[in-house]
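I opened this notebook page to look up how charged side chains pair in the structure shown below.

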Amino acid sequence: MRVPEIYLIRLWHSMRAAIFDLDGTLADTSGDLIAAANSCFRNMGCSALLDPEADKIVAFQGGRAMLRLGFTRLRGRPPPEDEVDEQYPLLLEAYEKDIDRFTIVYPGVRGALENLISAGWVLGVCTNKPEALARKLLIRLGLLEFMRSLVGADTLPYRKPNPEPFVEAVTRAGARVENSIFVGDTEIDRDTARAAGAAAVLVAFGPAGEQLRQLEPDAMLAHYDELPNLASALVK
């Protein structure tokens, strides 16, 4: 029997979506990211220029940010962007070869995703990691099965903090932006949610920790066990 279109429209209007950043939000990927950057420096005849613990925050800002920091430490000045652009594909190649050696899913993630889905939420990922790498990592971590959508840095012509990737992730998941939240770990994630008109949730357990509270997100997440109730409070 064909479902009347009016019921499908009502279902779409009532669907709630939780969209997640990946690096630093669902998993601590900093160890593998920094290892990939350091491999670039070693191939240039340098020692490891980034520290897996001290430089976690920079790792979550992306590959180019790590390269800029390493070159700046090496030479005492910021590098030209063409040098960063030259090394960036080599960093991605090294990262893909060893994408999950040190990466750890944050405590409570799987339970929170299961509980959200049981409560009728649809889930997705919006990341500035290239889509193919994000998909590979989510598969390795056993998290892709929870996601209805995945939008990466190269899925669209735009990247976060442009709101379009987030809007696309929500749409592909089958919901509307006004019924959605974005869970992230950086100012970029907050700005993306704000630009899209969605609620911004920032995690308090990443390297930036409680400092993110200064960004005045709609909510702070101390542990993933809290997310189902927090999400339901933000989107009725």
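I began with Glu178, which forms a salt bridge with Arg176, and I noted 3.0 Å between the closest N and O atoms of the two side chains. I then checked the surroundings of Arg176 and found that this residue counts as buried, because its relative accessibility of 19% lies under the 20% limit. I keep in mind that this is a predicted model.

Next I searched the whole structure for such pairs, and the search returned 17 salt bridges.

I turned to Lys160, which forms a salt bridge with Asp189, the closest N and O atoms being 2.8 Å apart. I traced where the two partners sit and saw that the pair links distant parts of the chain, 29 residues apart: Lys160 lies in the loop between β5 (149–151) and α8 (164–173), while Asp189 belongs to helix α9 (residues 187–196). I looked up the accessibility of this pair as well, and both Lys160 and Asp189 are buried. Following the shared partners, I found that salt bridges join Asp21, Lys160 and Asp189 into one network.

My last entry concerns Glu83 and Arg75, whose side chains meet in a salt bridge with an N to O distance of 2.5 Å. Which of the accessibility classes applies to each partner here? I entered Glu83 as buried, because its relative accessibility is 17%, whereas I entered Arg75 as partly exposed, because its relative accessibility is 33%.

As a general remark for this page, I add that side chains of opposite charge can pair when their charged atoms come close.

Notes:
Residues numbered from 1 in each chain as written. Predicted model: local features only at pLDDT ≥ 70, side-chain atom pairs only at ≥ 80, totals over all residues. Heavy atoms only, no water. Salt bridge = Lys/Arg side-chain N within 4 Å of Asp/Glu carboxyl O. Buried < 20%, exposed > 50% of the residue type's maximum accessible area, 1.4 Å probe, protein only. Helix = DSSP H or I, 4+ residues; strand = E, 2+ residues; numbered from the N terminus.
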